[in-house]
Amino acid sequence: MNDVLKGLYDVILSRRDAPQEGSYTCYLFEKGLDKILKKCGEECSEVIIAAKNGVNTDTEEEICDLLYHLLVLMAQQDIRPERIEEILEARRQKIGNLKQFHQSDHNT
């Protein structure tokens, strides 16, 4: 995983394991899974809207917000970044069937 994302994940873990007063990350962990999922959904929608509006700087900022909230979700669920890397690496090496890809895309 990128060093910046790995570093952010480590900070998120430290907030989860040793809460600090006034930390937004700690607030998310305190509120629990429903709040974290709500924020992931909101940020995903904001990425879509920003991209549709065609302002790359807004899209970049919203992607950063989404990545942060996904990392919080990963920490809450004890999902290690290394596992995500393994899955992505396996997908990168796979030669897929475009027809199957499109069929699965319509089923989700």
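This is a short tour of a predicted model, moving from one helix to its neighbours and the loops beside them.

**Stop 1: helix H4**

Start by selecting residues 56-76, which form helix H4. H4 has 21 residues and spans 30 Å from its first C-alpha to its last, close to the 30 Å expected at 1.5 Å a residue. Now show the side chains of Thr 59, Glu 62, Leu 66, Tyr 68, His 69, Leu 71, Val 72, Leu 73, Met 74 and Ala 75: these residues of H4 are buried. What do the buried residues of H4 pack against? Colour four other helices to find out: H1 (3-17), H2, H3 (33-53) and H5 (81-93) are their partners.

**Stop 2: His 69**

Stay in helix H4 and pick His 69. Is His 69 buried or exposed? His 69 has a relative accessible area of 4%, so this residue is buried. To see its surroundings, select Tyr 24, Leu 28, Ile 36, Lys 39, Cys 40 and Glu 43, the residues that His 69 contacts once its neighbours within four places in sequence are left aside.

**Stop 3: where H2 meets H4**

Next, bring in helix H2, residues 24-31. The axes of H2 and H4 come within 11 Å and cross at roughly 50°. Because of that angle, H2 counts as oblique to H4. Their crossing is right-handed. Which residues make this contact? On the H2 side, select Tyr 24, Thr 25, Leu 28 and Phe 29; on the H4 side, select Tyr 68, His 69, Val 72, Ala 75 and Gln 76. If you colour this contact by class, you should find 6 nonpolar and 3 polar residues, with no charged ones.

**Stop 4: Thr 25**

Zoom in on Thr 25, which sits in helix H2. Thr 25 counts as buried because its relative accessibility is 9%. Leaving out residues up to four places away in sequence, Thr 25 touches Ile 12, Arg 15, Tyr 68 and Val 72. Tyr 68 and Val 72 belong to the H4 side you have just visited, while Ile 12 and Arg 15 lead to the next stop, in H1.

**Stop 5: where H1 meets H2**

Keep H2 on screen and add H1. These two helices pack at an angle of about 55°, with their axes 9 Å apart. That angle is why H1 is described as oblique to H2. H1 passes H2 in a right-handed crossing. Select Ile 12, Arg 15 and Arg 16 in H1, then Thr 25, Cys 26 and Phe 29 in H2, to see the residues that meet. By class, this contact has 3 nonpolar, 1 polar and 2 charged residues.

**Stop 6: Pro 19**

Follow the chain into the loop between H1 and H2 and click on Pro 19. Pro 19 counts as exposed because its relative accessibility is 61%. Try a distance from here to Phe 29: the two residues are 10 apart along the chain, and their C-alpha atoms are separated by 9.0 Å.

**Stop 7: Asp 78**

Finish in the loop between H4 and H5, where Asp 78 lies. Is Asp 78 buried or exposed? Asp 78 has a relative accessibility of 55% and therefore counts as exposed. Check its backbone too: phi of Asp 78 is near 55°, a positive value in a residue other than glycine. Most residues other than glycine have a negative phi.

Definitions and conventions:
Residues numbered from 1 in each chain as written. Predicted model: local features only at pLDDT ≥ 70, side-chain atom pairs only at ≥ 80, totals over all residues. Heavy atoms only, no water. Axes fitted to C-alpha atoms, helices over the stretch in contact; angles between N-to-C directions. Parallel < 35°, antiparallel > 145°, perpendicular 65-115°, else oblique. Left-handed = near helix turned anticlockwise from the far one by under 90°. Contact = heavy atoms within 4.5 Å. Nonpolar A, V, L, I, M, F, W, Y, C, P; charged D, E, K, R; others polar. Expected span 1.5 Å × (residues − 1). Buried < 20%, exposed > 50% of the residue type's maximum accessible area, 1.4 Å probe, protein only.
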